[in-house]
Amino acid sequence: MNILKPGTYVAVRDSKYKSRIEAQVLQVCIKKDGVTYQLAYWDGNSRKTEWFEEFEITLLQHTKTEQIGFSK
């Protein structure tokens, strides 16, 4: 399984303004249906945090994923 490492910068699409927002991964949540990420980003002068599904995140050009595994 490949995930984004906390601290990584990614982009999310802002549907309200039709623009791209740069955000930082704070936490990773592995669920049976996939992975979600808590991201922090700036909205004007306010810092926001929200959870996003993998499909909502765009990797930046320099972004790399980390491989993790689980023992049986």
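A contact here means heavy atoms within 4.5 Å of each other, and on that basis residues 24 or more positions apart account for 38% of the contacts with a separation of 6 or more in the protein chain of this predicted model.

**View 1. The strands of the protein chain in a predicted model.**
Seven strands and zero helices are assigned to the protein chain, so that, by the assignment of runs to elements, the order from the N terminus on reads β-β-β-β-β-β-β. Taken along the principal axes, the box filled by the C-alpha atoms is roughly 45 × 25 × 20 Å. Buried residues make up 29% of the 72 residues in the protein chain, and the accessible surface comes to about 5600 Å², with 45% of that surface belonging to carbon and sulfur atoms.

**View 2. Confidence along the elements.**
The mean pLDDT of the protein chain is 86, with 90% of its residues reaching 70 or more. Among the elements, the highest mean value, 95, belongs to strand β5 (residues 46–53), whereas the lowest, 79, belongs to strand β7 (residues 66–67).

**View 3. The largest nonpolar core.**
This core holds 13 residues, of which V10, Y37, L39 and I57 touch the most other members. At least two residues of the core come from each of β2 (9–14), β3 (19–31) and β4 (34–43), and β4 gives the most, with four residues.

**View 4. The surroundings of Y37.**
Leaving aside residues up to four places away in sequence, Y37 touches N2, I3 and L4, together with V25, Q27 and V28, and further along the chain E50, W51, F52, E54 and I57. One of these partners, I57, is listed with Y37 itself among the core residues that touch the most other members.

**View 5. The surroundings of A23.**
A23 lies in strand β3 and has a relative accessible area of 1%, which is under the 20% cut-off, and A23 is therefore classed as buried. When residues up to four places away in sequence are not counted, A23 touches T8, Y9 and V10 as well as L39, A40 and Y41; of these partners, V10 and L39 are also among the core residues that touch the most other members. The C-alpha atoms of A23 and P6, which are 17 residues apart along the chain, are separated by 11 Å.

**View 6. Charges of the protein chain.**
The protein chain carries 11 positive and 9 negative charges, and the mean positions of the two sets are 2 Å apart.

Terms used: Residues numbered from 1 in each chain as written. Predicted model: local features only at pLDDT ≥ 70, side-chain atom pairs only at ≥ 80, totals over all residues. Heavy atoms only, no water. Buried < 20%, exposed > 50% of the residue type's maximum accessible area, 1.4 Å probe, protein only. Areas by Shrake-Rupley, 256 points an atom, 1.4 Å probe, with all protein chains shown as cover. Lys, Arg positive; Asp, Glu negative; His and termini not counted. Charge placed at Lys NZ, Arg CZ, Asp CG, Glu CD. Core = buried A, V, L, I, M, F, W, Y, C linked by side-chain atoms within 4.5 Å. pLDDT = per-residue confidence, 0-100.
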